[in-house]
Amino acid sequence: MSDSSPEEPAEVSADDLLPVKVDVLRVLEIGTALWVIALVLTLVIPALHQDGRDWWPWTCVAGAVLGGIGWAYIKRGRGNASAA
């Protein structure tokens with residue numbers, strides 16, 4: 001048996017931490033496309049929009065519309081923090 005203690009983690013300063021770069025426009029495009037696919041599926045498959053599920057297509061519409069608004073906002077250059 002070894003009586004060695006676990007190593008302590010190295011200290012990290014605030015200067016060492018960098019933000020993760022994410023292509024937000026690409027994320028919005030993928031998310032909006034997924035909402036549109038979900039909308040098509042809910043309209044094509046009757047079981048997904050009947051019997052108390054009549055709100056499901058509207059949820060997909062809301063997701064697609066809000067994704068489109070977000071896409072337009074980012075595309076115009078307002079969604080970046082470079083000017084902050």
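Asp51 sits in the loop that runs between α1 and α2. In this predicted model, the backbone of Asp51 takes a phi near 55 degrees, which is a positive value in a residue other than glycine. Asp51 is also out in the open: with 74% relative accessibility, past the 50% mark, the residue counts as exposed.

On either side of that loop come the helices. The chain has 2 helices and 0 strands, with α1 covering residues 24-44 and α2 covering residues 56-75. A pair of packed helices is described by the angle between the axes and by how far apart the axes lie. Here the angle is about 160 degrees and the axes are 8 Å apart. That angle is over the 145-degree cut-off, and α1 and α2 are therefore roughly antiparallel to each other. The crossing of α1 past α2 is left-handed. As for what lines this contact, the residues split into 15 nonpolar, 7 polar and 2 charged.

Several residues show how the two helices meet. On the α1 side, Thr42 is a good place to start, as part of helix α1. Its relative accessibility is just 6%, under the 20% limit, so Thr42 counts as buried. Setting aside residues up to four places away in sequence, Thr42 touches Leu48, His49, Trp56, Pro57 and Cys60. Next door, Leu43 also belongs to helix α1. With the same sequence neighbours left out, Leu43 touches His49 and Pro57; both of these also appear among the contacts of Thr42. Looking across to Asp54, 11 residues away along the chain, the C-alpha atoms of Leu43 and Asp54 are separated by 10.0 Å.

On the α2 side, Cys60 lies in helix α2 and picks up the contact with Thr42 from the other direction. Beyond its neighbours within four places in sequence, Cys60 is in contact with Trp35, Ala38 and Leu39 as well as Thr42. Cys60 has a relative accessible area of 5%, so this residue counts as buried. A longer reach along the sequence shows up with Thr32: Cys60 and Thr32 are 28 residues apart in sequence, yet their C-alpha atoms are 9.3 Å apart in space.

Thr59, also a helix α2 residue, gives another view of the pairing. Its C-alpha lies 8.7 Å from that of Trp35, with the two positions 24 residues apart in sequence numbering. Trp35 has already come up as a contact of Cys60. Thr59 has a relative accessible area of 32%, which falls between the 20% and 50% limits, so Thr59 is partly exposed.

Zooming out to the whole chain, 12% of the 84 residues count as buried, Thr42 and Cys60 being two residues that meet that description. The chain exposes about 7400 Å², and carbon and sulfur atoms supply 64% of that area. As for contacts over distance in sequence, take those between residues at least 6 apart: 52% of them join residues at least 24 apart.

Conventions: Residues numbered from 1 in each chain as written. Predicted model: local features only at pLDDT ≥ 70, side-chain atom pairs only at ≥ 80, totals over all residues. Heavy atoms only, no water. Axes fitted to C-alpha atoms, helices over the stretch in contact; angles between N-to-C directions. Helix = DSSP H or I, 4+ residues; strand = E, 2+ residues; numbered from the N terminus. Parallel < 35°, antiparallel > 145°, perpendicular 65-115°, else oblique. Left-handed = near helix turned anticlockwise from the far one by under 90°. Nonpolar A, V, L, I, M, F, W, Y, C, P; charged D, E, K, R; others polar. Buried < 20%, exposed > 50% of the residue type's maximum accessible area, 1.4 Å probe, protein only. Contact = heavy atoms within 4.5 Å. Areas by Shrake-Rupley, 256 points an atom, 1.4 Å probe, with all protein chains shown as cover.
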